[in-house]
Amino acid sequence: MSERPLPRAERRRRTEGRILDAARSLFAEVGYERATIRGVARAAEVDPALVMQYFGSKQELFQRAVRVTPVAAGGRDAEGVVEELLGTLSVKMGELPQGSLAMMRSMLTHPEAAVSAREVLGGQIDRLAAATPGADARLRAALMTLVMLGVTVGHQLLELDELRDVPREEIARLLRPALGALAGQDARQDAGQDPGQGSGQGSGQGSDQDTGQDG
C-alpha cells in the first residue's frame, strides 16, 4: 500500500525548514557577503526560484535563519542571573548553533546582519535589565551581554588559544566576580547589611575603650 501524500502545508513547512538549515550552515561558513541564494538552493536541493518565492530576498532569508528563541531572565536574583549567563558557556565554547555563528560572522561586515545582531542583543539586554537593580540597570545589562559576546567571539571566530585551552569551569570562576558586580550582587548585599556593621567601630568596642580610660 502506497503512503498517503503529505498535505501541501506540511510539504511547504518541510521545504522551508530544509532551506533555513542550508542557509544557517552557509551563512555560518562564509558569512553574509559570500553566501548566495544559488548556494543555499544547491545545499537544500531546491530551485533558487523557490527560495525567493518563500523568503523574497537574501536579507529576509538571513533574518529568518539567525532568529533565536529568547530565554527569560526576569524574576531571578543577581546570583541567578550570573549563574544563568555562566551556564551558557557550554554552548558559547562548544557547538554553537549555526544561526548564532552565522550572525556573528556577518554582523561586522554587513548592515543587515548588524541590524539582526542588535535586535538579538537588545532583547538579551532587556531581559537582563529587568532582573538588575539600579537606575543604570540597562548599562549593566549591556556590559554583561558584551562580556559574554566577547568570550564567544574570541573562542568561536578568533580561536584564541588562551580561551580554547582553558576549562570552562576556570573561565566561569574568573568571570563570576565581575558579572556579579555588574548584576548588582554588591548593592543587594549592602542593602541587607546591618547598619551597625562595616561602619568602622561598633558601639560595644567604643564602650570598652571608655571603660579602660576611666580605670
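A salt bridge is defined here as a side-chain nitrogen of Lys or Arg lying within 4 Å of a carboxyl oxygen of Asp or Glu. By this criterion, a search of the whole structure yields nine salt bridges. The structure is a predicted model, in which local features need pLDDT of at least 70 and side-chain atom pairs count only at pLDDT 80 or more, while totals for chains, interfaces and linings use all residues. Residues are numbered from 1 along each chain as its sequence is written, and side-chain values use heavy atoms, with hydrogens and water left out.

The protein contains 13 helices and zero strands, where helices (H or I, at least four residues) and strands (E, at least two) are DSSP runs numbered from the N terminus. Read from the N terminus, the order of elements is α-α-α-α-α-α-α-α-α-α-α-α-α. Of the 215 residues of the protein, 35% count as buried. A residue is termed buried under 20% relative accessible area, exposed over 50%, and partly exposed in between (1.4 Å probe, protein chains only).

Two of the salt bridges were examined within helix α1. Side chains of opposite charge can pair when their charged atoms come close. R13 pairs with E10, and the closest N and O atoms are 2.7 Å apart. Why are R13 and E10 separated by about one helical turn? The reason is that R13 and E10 stand three residues apart in helix α1, which covers residues 8-34. R13 counts as exposed because its relative accessibility is 51%, whereas E10, with a relative accessible area of 23%, is partly exposed. E10 and R13 also belong to a network of salt bridges that includes R14.

The second pair in this helix consists of E16 and R12, whose side chains meet in a salt bridge at 3.3 Å, N to O. E16 and R12 are four residues apart in helix α1, and therefore about one helical turn separates them. E16 is classed as buried because its relative accessibility is 16%. R12, by contrast, has a relative accessible area of 34% and is partly exposed.

A further salt bridge joins the side chains of R138 and D126 at 2.6 Å, N to O. This pair links distant parts of the chain, with R138 in helix α9 (residues 137-156) and D126 in helix α8 (residues 111-130), 12 residues apart. R138 is partly exposed, its relative accessible area being 46%; D126 is likewise partly exposed, at 41%.

Other features involve helices α8 and α9 and the loop between them. A142 is located in helix α9 and counts as buried because its relative accessibility is 18%. The C-alpha atoms of A142 and I125 are separated by 5.5 Å, although the two residues are 17 residues apart along the chain. T132 occupies the loop between α8 and α9 and is buried, with a relative accessibility of 8%. The side chain of T132 reaches the backbone oxygen of L128 at 2.7 Å. A polar contact is a pair of N or O atoms within 3.5 Å; within protein, one atom must be able to donate a hydrogen and the other to accept it, and residues adjacent in sequence count only if both atoms are side-chain atoms.

Backbone geometry was considered next. Most residues other than glycine have a negative phi. E45 has a positive phi near 60° while being a residue other than glycine. E45 is placed in the loop between α2 (37-44) and α3 (48-55), and its relative accessibility of 70% is why E45 counts as exposed. E159 is not a glycine either, yet its phi is positive, at about 55°. The position of E159 is in the loop between α9 and α10, and at 46% relative accessibility E159 counts as partly exposed.

E159 is also one of the residues in a surface patch of negative charge, together with D161, E162 and D165. Patches are made of residues with over 30% relative accessible area and no salt bridge, with like charges joined within 9 Å and nonpolar side chains (Val, Leu, Ile, Met, Phe, Trp, Tyr) within 5 Å. Asp and Glu count as negative and Lys and Arg as positive, while His and the chain ends are not counted. The place of a charge is taken as NZ of Lys, CZ of Arg, CG of Asp or CD of Glu. Within this patch, E162 lies in helix α10 (residues 161-164) and is exposed, with a relative accessible area of 61%.

Technical notes: Areas by Shrake-Rupley, 256 points an atom, 1.4 Å probe, with all protein chains shown as cover.
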